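Dear colleague,

Please find the structure for your review below. My findings follow it.

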Amino acid sequence: MITVQLGQCGQQLGCSFFQGMASEFGAQDYGRPALEQWFRPVSDHAATQWSPSSGSPGHGGIISHTARAVLIDMEPKVVNAVKHAARVTGKWWSYPPKSSLCMDSGAGNNWANGYHGYGPSVREPALDLIRREVEACDVLEGFLLLQSMAGGTGAGLGTYVATALRDEYPATHALNCCVWPYESGEVIVQSYNTLLTLSHLHCVSDGIITLENDALHRCCTRLMQIPRPSFADMNAVAAQSLTAALLPSTVRPPKHPTAPTSPNGVHTPSHRGSAQSQSVRARKGFERSPASAVRDGRDDATAQRPVRLLSDVVTHLCCHPMYRMLSLRSLPQVPSGSIDFTTFTWPAITKRLRQMLITGSSLEEGLDWGVSTSPSHASPSLQPTTSPRLHHSPPPHL
């Protein structure tokens with residue numbers, strides 16, 4: 001999995017995203033295959049330093065892995081800042097030393113300048129950097145592009161890079177994570193930049209995840225109790241949701257008679273991990289072969305299959321070419337200092353996540369529980385003619 005960070009917003013969001021991933025891999029043993037989906041060992045010796053017992057791939061503060069990422073921005077200031085932040089806070093990981101592309105000046109919030117001006121001039125250097133990361137992968141699963149929609153570099157140049165990737169790798173999945181601008185306005189031309197970005201990405205991207213600045217700001221002020229949130233605070237909240245959605249996962253097998261369940265028949269989580277991934281912890285694990293499943297007394301029907309991150313997400317959620325836009329819902333949304341004093345159960349989490357989807361709310365605070373998809377709450381003219389058992393709700397974590 002290769003991450004392409006585009007523009008100032010993409011650099012800052014990408015740094016927070018990899019910090020969140022690194023924290024998860026340090027707190028929970030996902031195994032080397034899962035780790036190396038996002039981080040590349042700097043040497044064969046570093047690859048052998050992964051210790052499942054310790055749950056941390058680094059030892060003694062030595063950089064043992066680099067992020068599978070390419071950083072593209074027209075101004076070097078932010079790129080240098082996120083590289084420094086990764087070296088200082090990463091402990092065991094950093095960005096590759098030669099994975100960035102910068103110029104002297106930005107696009108000035110001009111989408112056309114980023115797309116038509118800088119785009120053709122940086123096409124080959126950008127593709128060369130990405131090709132270098134592709135060649136370091138055993139299997140290329142896809143691209144994750146992080147960008148904004150309001151600026152010139154992230155929106156304009158980012159869209160051009162996404163188009164170039166589609167031309168260069170037509171059979172590879174590409175997922176764009178785009179930050180939606182404030183409704184009140186950050187840039188006077190943000191509406192035009194957003195419209196141009198969406199219209200182009202709709203043709204070249206397999207899925208478009210939107211992260212709304214207004215929703216992130218409300219989450220920080222109301223739930224995280226941050227009076228005046230900075231972009232770093234908002235990026236941390238956005239990265240937490242993105243990390244929870246893209247962590248290594250498995251498809252839950254059919255219910256087994258001996259599987260532990262709660263009183264209401266819902267599967268109970270078998271273990272706990274860090275706070276930010278509680279909303280997806282039931283899907284944790286990694287691939288097990290059918291032979292090992294048989295040795296453990298399970299047949300193929302109950303063996304867990306790993307989620308192929310981008311490919312499965314895109315295939316199941318963006319199966320129609322006209323519906324490519326995605327949103328994220330993640331729980332719990334509580335300050336980190338309150339985690340130790342809060343109890344989480346899967347039935348409660350999934351119930352709140354589903355209600356957030358039904359009401360369209362981005363926050364778990366103040367949910368309208370009067371809104372329901374149950375046929376009993378609909379008017380007679382809107383009653384479905386098919387059996388309610390055929391109704392499929394969207395996955396609670398996306």
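The notes below cover the sheet, the nonpolar cores and the cysteines.

This is a predicted model, in which local features need pLDDT of at least 70 and side-chain atom pairs count only at pLDDT 80 or more, while totals for chains, interfaces and linings use all residues. Residues are numbered from 1 along each chain as its sequence is written, and side-chain values use heavy atoms, without hydrogens and water.

Seven parallel strands form an open sheet, ordered E6-E4-E1-E7-E8-E9-E12. Strands are DSSP runs of E with at least two residues, and helices are runs of H or I with at least four, both numbered from the N terminus; two strands pair if DSSP finds at least two bridges between them. Strands E6 (100-101) and E12 (325-326) are at the edges with a single partner strand each, so one side of each has no neighbour in the sheet. Strand E8 (residues 173-180) is joined to strand E9 (residues 207-212) by six bridges.

The largest nonpolar core (buried Ala, Val, Leu, Ile, Met, Phe, Trp, Tyr and Cys joined through side-chain atoms within 4.5 Å; buried means under 20% relative accessible area, exposed over 50%, partly exposed in between, with a 1.4 Å probe and protein chains only) has 53 residues. Trp38, Phe39 and Tyr95 have the most contacts inside it. Helix H1 (residues 7-27) contributes the most, with eight residues.

The structure holds zero disulfides (pairs of cysteine sulfur atoms within 2.5 Å). The sulfur of Cys220 lies 5.8 Å from that of Cys219, its closest, which is too far for a bond. Cys220 is buried, at 1% relative accessible area, whereas Cys319 is exposed at 63%.

Yours sincerely
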